[in-house]
Amino acid sequence: MTTGTPPPTAPRRSRARTFVPLAIAAWAVLEIWLLTVVADAAGGFTVLLLLVAGIVLGAAVMKRAGRRAFRNLTETLQQMPGQPGAPAEPPATGSGGRGNGFLMLGGLLLMIPGIVSDAAGLLLLVPPVRSWLGRYAERSLEHRMRAASPGSLSDAFQQARIHRPDGKVVQGEVIREDGTQPGGRPDEGPRPPLTP
């Protein structure tokens, strides 16, 4: 007897789940090979000094970026409308707070032992590289948000970003424990989502 529903199929494995572990393994092998090549050419003590310098520099960069991010957050919260001494209009966001994520990533890459990760971390410390990567990431995110299918998580995120409430009213729907909707209409189908 058939019910008309197709048999369940196993979900396809995404490309990221396939290639990310392989890329990490290849990166680790490359890092170890480069460290042994540098140790043969310059000596083990030089490699140890490079690794310690990378850890110290990476920690200093991450500490600086963290302090800058906290300072930007504090300034933003102090300048919110409704706070004492805050301007009536929120200030335009400048480029002072941008790039902290890439700066922290650069510090993290410097702290990871290896020649390739140190080179990538040093590259992320250069301001034009960080600004270019920030613009590229922003364009890529906007493109993916526009290309997302209706009803997906990114569509809900975009609606929440565009139509955010003022914080006093939370839009939602009441669902009773017995499964009926308020208003006495249990036989009607699902209701469309509320949109302003």
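The following conversation goes through how some labels in this predicted model were reached.

Reader: Let's begin with the overall picture. What makes up the secondary structure of the chain?

Author: Happy to start there. The chain has six helices and zero strands, so from the N terminus on its elements run α-α-α-α-α-α. Of its 196 residues, 12% count as buried. Among contacts between residues at least 6 apart in sequence, 53% join residues at least 24 apart.

Reader: Why is Ser 117 called buried?

Author: Its relative accessibility is 2%. Buried means under 20%, so Ser 117 falls in that class. Ser 117 is part of helix α4. Not counting residues up to four places away in sequence, Ser 117 touches Trp 27, Glu 31, Leu 109, Leu 110 and Ile 112.

Reader: Which residues of α4 are buried, and what puts them on the same side of the helix?

Author: In helix α4, which spans residues 115–124, the buried residues are Ser 117, Asp 118, Gly 121 and Leu 124. They cover an arc of only 125° around the axis, and that is why they lie on the same side of α4.

Reader: Which helices do those buried residues pack against?

Author: The partners are α1 (15–42), α2 (44–78), α3 (100–111) and α5 (127–147).

Reader: Two of those partners, α1 and α2, also meet each other. Why are they called oblique?

Author: Their axes come within 7 Å and cross at roughly 130°. Angles over 145 degrees would count as roughly antiparallel, and 65 to 115 as roughly perpendicular. The crossing angle fits neither of those ranges, nor the one under 35 degrees for roughly parallel, so α1 and α2 are oblique to each other.

Reader: Which residues make that contact, and how many of them are nonpolar, polar or charged?

Author: From α1 come Leu 35, Val 38, Ala 39 and Ala 42. From α2 come Gly 44, Thr 46, Val 47, Leu 50 and Leu 51. By class, the contact has seven nonpolar, two polar and no charged residues. Gly counts as polar here, so Gly 44 is one of the polar residues in this contact.

Reader: What makes Ala 39 partly exposed?

Author: Ala 39, a residue of helix α1, has a relative accessibility of 27%. Buried would need a value under 20% and exposed one over 50%, so Ala 39 counts as partly exposed. Leaving aside its neighbours within four places in sequence, Ala 39 is in contact with Gly 44 and Val 47.

Reader: On to helix α3. Why do Gly 101 and Phe 102 get their accessibility labels?

Author: Both belong to helix α3. Gly 101 has 52% relative accessibility, and over 50% is the mark for exposed, so Gly 101 counts as exposed. Phe 102 has a relative accessible area of 23%, which is between the two cut-offs of 20% and 50%, so Phe 102 is partly exposed.

Reader: How far apart are Gly 101 and Arg 130, and Phe 102 and Ser 131, in sequence and in space?

Author: Gly 101 and Arg 130 are 29 residues apart in sequence, with 9.2 Å from C-alpha to C-alpha. Phe 102 and Ser 131 are also 29 residues apart in sequence, and their C-alpha atoms are 9.1 Å apart.

Reader: Which residues is Phe 102 in contact with?

Author: Leaving out neighbours within four places in sequence, Phe 102 is in contact with Leu 124, Arg 130, Leu 133, Gly 134 and Ala 137. Leu 124 is also one of the buried residues of α4.

Reader: How many aromatic pairs are found, and what makes a pair stacked?

Author: A search of the whole structure finds one aromatic pair. Trp 132 and Tyr 136 form this pair, 5.8 Å centre to centre with 10° between the planes. Centres within 6.5 Å make a pair and planes under 30 degrees apart make it stacked, so both values fit.

Reader: Where do Trp 132 and Tyr 136 lie, and why are they called partly exposed?

Author: Both lie in helix α5, four residues apart, about one turn of the helix. Trp 132 has 46% relative accessibility and Tyr 136 has 47%. Exposed starts over 50% and buried is under 20%, so Trp 132 counts as partly exposed, and so does Tyr 136.

Key: Residues are numbered from 1 along each chain as its sequence is written. This is a predicted model: local features need pLDDT of at least 70, side-chain atom pairs count only at pLDDT 80 or more; totals for chains, interfaces and linings use all residues. Side-chain values use heavy atoms; hydrogens and water are left out. Buried means under 20% relative accessible area, exposed over 50%, partly exposed in between (1.4 Å probe, protein chains only). Helices (H or I, at least four residues) and strands (E, at least two) are DSSP runs, numbered from the N terminus. The arc is that of the directions from the helix axis to the C-beta atoms. Contact means heavy atoms within 4.5 Å. Rings of Phe, Tyr and Trp (its six-membered ring) pair if their centres lie within 6.5 Å; planes under 30 degrees apart count as stacked, over 60 as edge-to-face and the rest as tilted. Axes are lines fitted to C-alpha atoms, for helices over the stretch in contact, and angles run from 0 to 180 degrees between N-to-C directions.
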